[in-house]
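Student: Could you walk me through this one? I'd like to start with how the helices pack.

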Amino acid sequence: MNDTEHTAEPLRCLVTGASGYIGGRLVPELLAAGHRVRCLARTPAKLRDHPWAGQAEVVRGDVTDADSLASALRDVDVAYYLVHALGGGGDFERTDRLAARTFAEQARAAGVRRIVYLGGLTPRGIAERELSPHLRSRAEVGRILADSGVPTTVLRAAVIIGSGSASFEMLRYLTERLPVMVTPSWVRTRIQPIGVRDVLRYLVGSATMPADVSRAFDIGGPDVLTYLDMMRRYASVAGLPRRLIFPVPVLTPRLSSHWIGLVTPVPRSIARPLAESLRYEVVCDEHDIATYVPDPPGTPLTFDAALALALQRIREARVTTRWSSASVPGAPSDPLPTDPDWAGGSLYGDERERFVDATPQALWRVVEGIGGENGWYSFPLAWAVRGWFDRLVGGVGLRRGRRDASRLRVGDSLDFWRVEEIERGRLLRLRAEMRLPGLAWLEMYVERDDRGRTRYRQRALFHPRGLAGHAYWWSVSPFHAVVFGGMARNIARTAETADAERPAEAEPPALATGTPSADGRAAGGHHPAGGSGM
């Protein structure tokens, strides 16, 4: 995009939700428009590896914490509210309400000149109390922010089409994987989708609206389609044979979410609110946004053009953010335990080590390329079964894949893991987001010993929760030799094969040496700190 003209007066903008799908794309657009950007993040390290990280200020905080908000909003002109507890459990409406009220109060106290909120397009003629919990909460948040006393722009969008968006991934996988499908009746409901490029353009343009403008705007593309139309148009744009689709009235939103969860990478916790929202006809009543943010020629993008751009981004591996960029509700978020409070607690571990006849660079390429299409280098059936089981109990499963085929950054989702730390060329630490009776990590190290040999070291760590956690560890530990042992062997073998096929590389910089341990040594029980686990 990056075609927004620089404003005469740069504004200081606060972006909440910068680790999410829209927020992560909005930051570079605001910077390109000449604004100064501050990001609010619960875990600032998640933004460390974004290409724009060095140009934006990042502060630690939470939208439910008044003190951290007061600090983050100091000297801010425009505050973007891009957080929502989608799928965050039965109490998510209360959480959304509390967060919005706290944000509104602190924005007014700080003298913020404008709040910009991206909400959901609601159907006309239906009382708010009759909407799905997801749409109802979005509408309530918009109303709370608008009543703050701060001029507020509420942008209301239906389905957002862009590489990596949850709506796009749902559409993509349903259409690509099911040439014949029985679908819920909501596939006949009319929707007005919008391309993510236009959403970002409207968000950036909203920063400079006149002070006397405080209202909601419907935003959408030029096409009004049914979901059935959207699936057929996707097949056409993607070059797929025509899909045979048979809508039936018996699939409830709950059953639909299970169906979506089985076929697509989108977990049930997110699929259900999306499916519930699709029951309603969501079509724009107006296009007044163009009065304040004019549409250049060729915009808003047509549905087919938005699809083509999204597919091109995927083919070229240029997906900057994905729906899974934000943490999954209910997933473990505790960092690797190194605090003294953990000392004496049960921390089960499995450690593997191998010397590798390859350069450290060749080994690191294999480590950083793990997961997604490359798999996990051991017993594929075991990983697949674990992923299916996780999906059945409402987890994320193994199909989220990777944002980029070869590069990872802190905060990336990686199948049912999330990148917790990466020291390029040396360490990759993953935290499990699968459903487990405890917390788990997986660490992979690339090292050189004091004799200059390349060494691969792998640690799996599990902190059990209650008796079920201990039982889980001991029930799966007999398989570790196959799963983790095979993983270490095959990673080493893949690096050696790749290195033998590549031209000679320059001598790498010195790497950490560490302390050798026996190949395949497994440890269990009480340890003060450690690495990772399945």
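**Helix packing and a pocket**

Tutor: Helices H12 and H15 are oblique to each other, because their angle falls outside the classes roughly parallel (under 35 degrees), roughly antiparallel (over 145) and roughly perpendicular (65 to 115). This is a predicted model: local features need pLDDT of at least 70, side-chain atom pairs count only at pLDDT 80 or more, and totals for chains, interfaces and linings use all residues. Residues are numbered from 1 along each chain as its sequence is written, and side-chain values use heavy atoms, without hydrogens and water.

Student: At what angle do H12 and H15 pack?

Tutor: About 125°, with the axes 8 Å apart. Axes are lines fitted to C-alpha atoms, for helices over the stretch in contact, and angles run from 0 to 180 degrees between N-to-C directions. H12 spans residues 360–368 and H15 residues 480–501.

Student: Which residues make the contact?

Tutor: Ala362, Leu363, Val366 and Val367 of H12, with Ile491, Thr494, Ala495 and Asp499 of H15. Contact means heavy atoms within 4.5 Å. Six of these residues are nonpolar, one is polar and one is charged.

Student: How do H5 and H11 cross?

Tutor: At roughly 85°, and their axes come within 12 Å. H5 and H11 are therefore roughly perpendicular to each other.

Student: What meets what there?

Tutor: Phe168, Glu169, Leu171 and Arg172 in H5 meet Phe303, Leu307, Ala310, Leu311 and Ile314 in H11. By class, that contact has seven nonpolar, no polar and two charged residues.

Notes:
Helix = DSSP H or I, 4+ residues; strand = E, 2+ residues; numbered from the N terminus. Nonpolar A, V, L, I, M, F, W, Y, C, P; charged D, E, K, R; others polar.
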